[in-house]
There are 2 protein chains.
Amino acid sequence: MFNGFEELLEKYAEVTIKIGLNLQPNQRLLIGSSSTREGGAPIEAAQFVRAVTRQAYKAGARYVDTIWKDEQIDRIRFEYAPRDSFDEYPTWKPAVTAEYGKRGDAIMSVYASSPELLSDQDPELVSRAARAGVQYGQQVLGLIDKSAMNWLVVSPPIQGWADKVFSDLPAEERLAEMWKLVFKICRVDQPDPIEAWRNHIANLVKRKEYLTAKQYTALHYIGPNTDLEIGLPEGHIWHGAAMNTLAGLPFTANIPTEEVFTLPHSQRVNGVVTSTRPLFFSGGLMEDFSLTFEDGYVVKATAKRGEKILAGLLDVDEGARRLGEVALVPNSSPISQSGRLFYNTLYDENASCHVALGNAYRFTLENGAQMPEEEFVARGGNKSALHVDFMIGSGQLDIDGILANGDREPVFRQGEWAFDV
Amino acid sequence: MFNGFEELLEKYAEVTIKIGLNLQPNQRLLIGSSSTREGGAPIEAAQFVRAVTRQAYKAGARYVDTIWKDEQIDRIRFEYAPRDSFDEYPTWKPAVTAEYGKRGDAIMSVYASSPELLSDQDPELVSRAARAGVQYGQQVLGLIDKSAMNWLVVSPPIQGWADKVFSDLPAEERLAEMWKLVFKICRVDQPDPIEAWRNHIANLVKRKEYLTAKQYTALHYIGPNTDLEIGLPEGHIWHGAAMNTLAGLPFTANIPTEEVFTLPHSQRVNGVVTSTRPLFFSGGLMEDFSLTFEDGYVVKATAKRGEKILAGLLDVDEGARRLGEVALVPNSSPISQSGRLFYNTLYDENASCHVALGNAYRFTLENGAQMPEEEFVARGGNKSALHVDFMIGSGQLDIDGILANGDREPVFRQGEWAFDV
């Protein structure tokens, strides 16, 4: 790839094992876990998966398993399979993932795909196949939701993806350049990546503790084509970087992560919000879309690109039209600074402020993981088979926090944190 | 690879779908099925798997799925995993295979591995890992045994394997040369491969019908370091190339196949037999081994190489020390003529006469698939979690058929068929 690549790859893998999963001696690890967006680790990412396997065993893993997939075979299906067969799904992939998770084994999702893979295929079929994936992925989302085990989403570059992100470069340079950028964004190029991550996580922890203590009743977003008020339930908890499994093991579920996030009230969202970055969802791309909310429910959805895919996404189930997550990320983040669009939620969500349509995380509400589902829902938690982030942050975004007494405080100004910790 | 490679690859894939599986419109297909020897299709065989997927959809398949594995990760495990963890096994692989099979979907095993991958690893660990695979593979062997669905074993070349088979060639030529040989052996280089296969199968069918009609009570093998009598049960059926699923669908379970085979009597094998080709079993290689049978049971086993692996194999269970298959292949077969050792049962077994230790096929006995297990065993059928073929044929092998009245007839002379059909 380039000089020093193998060494950086091992460090990247080490970060996923030690910072991401915090894998424990004698734990098992499933790589290529399958939930809504993924059906296994792409075989093109084999070199990365091998490095992770090696680092996992070095950390004392008992067994490391992988569920693989091949993008080219996905494409062959769209080219040749019977048109009425797109509800077929390899249901064993989420089932096996859930089996590992329920046993308390660690699971790692290798989320890497080529944005243009299916862009010339029938969007109706693409969204039908995606719906099948979302449906069967629920059993895994349920475990992730409760952090039943340590889990991680990570996105190593593959060729077809680099071709999209670095389309301005000569073909033979793209993959190497993307790896360099990913190593930088993931702090792998720093002298001691593990130490750098510990400092970064400590900083995010201070931000989330400040916000949780404030207990704003709502956030008010003002930006270009955006004027949105998002209610926050009583007892909401801000999270970021440092999480805990139900059994109390600390871990970091995304590498990279730059966000703090909490629970929006599924019934108290009003106004209009416009996406600031493209959204790539199961083979389809949506750009410049606006959603109008009334009492938490999307009543209108328009898009300059991918409106059909957006409509399909909103129709997955009732909960797909309500918010399940609200997240704050300064516009000065390393990803935003790179000036690149990744067409990949893990990177793009860490570039900017965002919200998610669909399922809410139990752990973003006080005692949320322990309470009955009806109570969680009554308190404002959203239920859905879907959880899809989209970006609403930019250098023009201001956010106010509204206190219980109605007072307003600046939270973001021009895309940056507006308070000190 | 070489000029015309892609076209030949598609023809090879077409033979596996049309001649091998005889895949039916609307059938599902699982590629990389997992039984005793395999834990999925190697990711290095991706180009082949893609061609098979394409040909399957062209033949009307409803859904084509793949279970993958990566050899390099197998090796990483042996290098780094805890020494006491080698009973761990991805039990979902045979479970998913059985799920597909029970539903009547077709299953294809992609059996390709690098013979030297684990040759520097602890043979005790290698055989422990193999035993775990054999144990969990039983549920799949049970389905294959009854031909509950159309199934196929096929072995496309991969680099580490070509490195062993063509070690006398420069490294960069080996894989291409191996592909050329495989295309030849599998009749893919003929003008009409499908027609060539139909003729070849018709010829094998005449041989097996002749032998079934004869109902020899035993075969007597005489060759260098071999003097062995193998009893054949009353009602044994010779098979070859053309098989039928329980539902009556014709298929050909191995590509290539040159053999006719039947059921040996598990209690009536006596004498000494010496292997004429190396046997590669789950990472270990055995060469020049001799087995001494008394009343069907191996009472002595020696080997010039891999004696420990041989001992481990025989200790898998009680049935591992008895025969489950006897097969006839003329020494003039294309594989034998190639002069190459493949270190792979699918090719090497089709070079020469062989027998198998372990599980017997129900369908090699009249009504065998329908009768209770105790009856099958009482009639001479062997039960085991294992089924491992080894080669005993050569240009020096003579075989007599012994009729019920004690008369002898020549079946093989100097490694060739000794009767006309």
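**Stop 1: where α1 meets α8 in chain A**

Start by selecting helices α1 and α8 of chain A, whose crossing is right-handed. This is a predicted model, so keep that in mind as you look around. Helix α1 covers residues 5-21 and helix α8 covers residues 193-214, and their axes come within 10 Å. How do the two run relative to each other? They cross at roughly 45°, and α1(A) and α8(A) are therefore oblique to each other.

Now show the side chains where these helices touch. From α1(A), pick A:K11, A:E14, A:V15, A:K18 and A:I19. From α8(A), add A:P193, A:I194, A:W197, A:R198 and A:I201. Try colouring this contact by residue class: there are 6 nonpolar and 4 charged residues, with no polar ones.

**Stop 2: the two domains of chain A**

Stay with chain A and zoom out. Select residues 5-185 for domain 1, then 214-238 together with 258-417 for domain 2. Give each domain its own colour. The C-alpha centres of these two domains of chain A are 24 Å apart. Where they touch, domain 1 of chain A supplies 33 residues and domain 2 of chain A supplies 29 residues.

**Stop 3: from chain A to chain B**

Next, bring both chains into view. What turn lays chain B on chain A? A turn of 180°, with a shift of 0.0 Å along the axis, does the job, and the RMSD is 0.0 Å. That is the relation of a two-fold axis. Have a look at the interface as well: 100% of the interface residues of chain B are interface residues in chain A too, so the copies meet through the same surface.

**Stop 4: α4 beside α5 in chain B**

For the last stop, select residues 92-102 of chain B, which form helix α4, and residues 123-145 of chain B, which form helix α5. Their axes are 8 Å apart and the packing angle is about 20°, which makes α4(B) roughly parallel to α5(B). The crossing here is left-handed, while the crossing of α1(A) and α8(A) at the opening stop is right-handed.

Which residues make the contact between α4(B) and α5(B)? On α4(B), look for B:P94, B:A95, B:T97, B:A98, B:G101 and B:K102. On α5(B), their partners in the contact are B:Y136, B:G137, B:Q139, B:V140 and B:L143. Colour by class once again and you will find 6 nonpolar, 4 polar and 1 charged residues in the contact of α4(B) with α5(B).

How values were computed. Residues numbered from 1 in each chain as written. Chains lettered and ligands numbered in written order. Predicted model: local features only at pLDDT ≥ 70, side-chain atom pairs only at ≥ 80, totals over all residues. Heavy atoms only, no water. Axes fitted to C-alpha atoms, helices over the stretch in contact; angles between N-to-C directions. Helix = DSSP H or I, 4+ residues; strand = E, 2+ residues; numbered from the N terminus. Parallel < 35°, antiparallel > 145°, perpendicular 65-115°, else oblique. Left-handed = near helix turned anticlockwise from the far one by under 90°. Contact = heavy atoms within 4.5 Å. Nonpolar A, V, L, I, M, F, W, Y, C, P; charged D, E, K, R; others polar. Least-squares fit on C-alpha atoms with pLDDT ≥ 70 in both. Domains from an automatic or database assignment.
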